[in-house]
Every structure is written in C-alpha cells, then in structure tokens.
Amino acid sequence: MNHSELQNLFLVNLQMAERNTLPLADLFSLAELLQSSKMVDSALKLYEIWTQKTTDPNKPLALFNYGSLLQTAGKQKEAENIYRLCLAERPFFEIGRAHV
C-alpha cells in the first residue's frame with residue numbers, strides 16, 4: 001500500500017472512529033500499520049478520537065496502547081495521563097498500573 005492509499009484509509013477510519021463505528025480490532029490493525037509506515041502522528045490521532053468517542057467496554061485496552069504509543073513517541077506526560085484514564089476505567093488493569 002502506498003502512502004496516498006494509506007492516508008485515504010486513515011481518513012476513512014478516522015471518520016468511523018468519530019461516529020463510534022470503528023471496531024477495536026480494526027483500530028489496532030490500522031494503528032500498527034500506520035506506525036510501521038512512519039505515520040505515528042496519524043496513529044496517535046486515530047487513538048485519540050477513538051478513545052474519546054467509543055462506548056466499547058474494552059476501551060482500557062485501546063487507552064493502554066495509546067499510552068504506549070505516546071510513550072514511544074517521547075510524550076511522557078501525555079502517556080501518563082492516558083495510563084491514568086486507563087486505570088480510571090479499569091482500576092485492576094495491572095499492566096496499566098505499572099506505567100503510572
């Protein structure tokens with residue numbers, strides 16, 4: 001997939017995230033593809049919108065991945081805030097607790 005196609009895929013999925021219609025598995029798959037294609041900012045934006053709009057009960061999993069990506073991108077304070085949100089949603093999520 002070339003950059004233009006990936007950008008279009010991102011935009012379509014971002015709209016789905018905004019409408020709360022993007023499945024969690026698709027979020028994870030696309031975010032991984034974006035990261036591996038050096039489109040980290042796009043992956044971060046996708047996580048940001050998805051976690052703001054979702055009603056999925058597995059939101060803490062996405063929050064954890066979002067925090068991990070922020071941390072990898074050198075955004076430590078933002079990552080810590082997201083890990084705290086993860087723990088607020090699921091207080092016994094041990095892997096999230098280890099990152100706060």
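Reader: Hi! At what angle do H1 and H2 pack, and how far apart are their axes?

Author: Hi there! This is a predicted model, and in it H1 and H2 pack at an angle of about 145°. Their axes lie 11 Å apart, and H1 passes H2 in a left-handed crossing.

Reader: Nice. Which residues of H1 and H2 make the contact?

Author: From H1 there are Leu6, Leu9, Phe10 and Asn13. H2 brings Leu30, Leu33 and Leu34 to the contact.

Reader: Asn13 catches my eye there. Is Asn13 buried or exposed?

Author: Asn13 sits in helix H1 and has a relative accessible area of 9%, so it is buried.

Reader: And what is Asn13 in contact with, leaving aside its neighbours within four places in sequence?

Author: With those neighbours left out, Asn13 is in contact with Leu22, Leu30 and Leu46. Leu30 is also one of the H2 residues in the contact between H1 and H2.

Reader: Let's stay with H2 for a bit. How many residues has H2, and how far does it reach from its first C-alpha to its last?

Author: Helix H2 covers residues 24–36, which makes 13 residues. From first C-alpha to last it reaches 18 Å, close to the 18 Å expected at 1.5 Å a residue.

Reader: Which residues in H2 are buried?

Author: Leu24, Leu27, Leu30, Ala31 and Leu34 are buried in H2. Looking down the axis of H2, you find its buried residues within an arc of 130°, so they line one face of the helix.

Reader: What do the buried residues of H2 pack against?

Author: They pack against three helices: H1 (3–18), H3 and H4 (59–72).

Reader: And which exposed residues does the face turned away from the buried side carry?

Author: On that face of H2 you'll find Ala25, Glu32 and Ser36, which are exposed.

Reader: Switching to backbone angles. What phi does Lys38 take, just after H2?

Author: Lys38 has a positive phi of about 65°, although it is not a glycine. Most residues other than glycine have a negative phi. Lys38 belongs to the loop between H2 and H3, and its relative accessible area of 74% makes it exposed.

Reader: What about Asn20, what phi does it have?

Author: Asn20 has a positive phi of about 60°, and it is not a glycine either. You'll find Asn20 in the loop between H1 and H2. With a relative accessible area of 31%, Asn20 is partly exposed.

Reader: Cool. Which residues is Asn20 in contact with, leaving aside its neighbours within four places in sequence?

Author: Those are Lys53, Thr54 and Thr55. With Thr55 there is a polar contact of 3.1 Å that joins the two side chains.

Reader: How far apart are Asn20 and Trp50, in sequence and in space?

Author: Asn20 and Trp50 are 30 residues apart in sequence, while their C-alpha atoms are 7.1 Å apart in space.

Reader: Last one, Thr51. Where is its place?

Author: Thr51 is in helix H3, which runs over residues 40–53.

Reader: Does Thr51 count as buried or exposed, and why?

Author: Thr51 counts as buried, because its relative accessibility is 7% and the cut-off for buried is under 20%.

Reader: Which backbone oxygen does the side chain of Thr51 reach, and which residues does Thr51 touch, not counting residues up to four places away?

Author: The side chain of Thr51 reaches the backbone oxygen of Glu48 at 3.2 Å. Not counting residues up to four places away in sequence, Thr51 touches Lys59, Ala62, Leu63 and Tyr66.

How values were computed: Residues numbered from 1 in each chain as written. Predicted model: local features only at pLDDT ≥ 70, side-chain atom pairs only at ≥ 80, totals over all residues. Heavy atoms only, no water. Helix = DSSP H or I, 4+ residues; strand = E, 2+ residues; numbered from the N terminus. Buried < 20%, exposed > 50% of the residue type's maximum accessible area, 1.4 Å probe, protein only. Polar contact = N/O pair within 3.5 Å; in protein donor to acceptor, adjacent residues only side chain to side chain. Contact = heavy atoms within 4.5 Å. Expected span 1.5 Å × (residues − 1). Arc of directions from axis to C-beta. Axes fitted to C-alpha atoms, helices over the stretch in contact; angles between N-to-C directions. Left-handed = near helix turned anticlockwise from the far one by under 90°.
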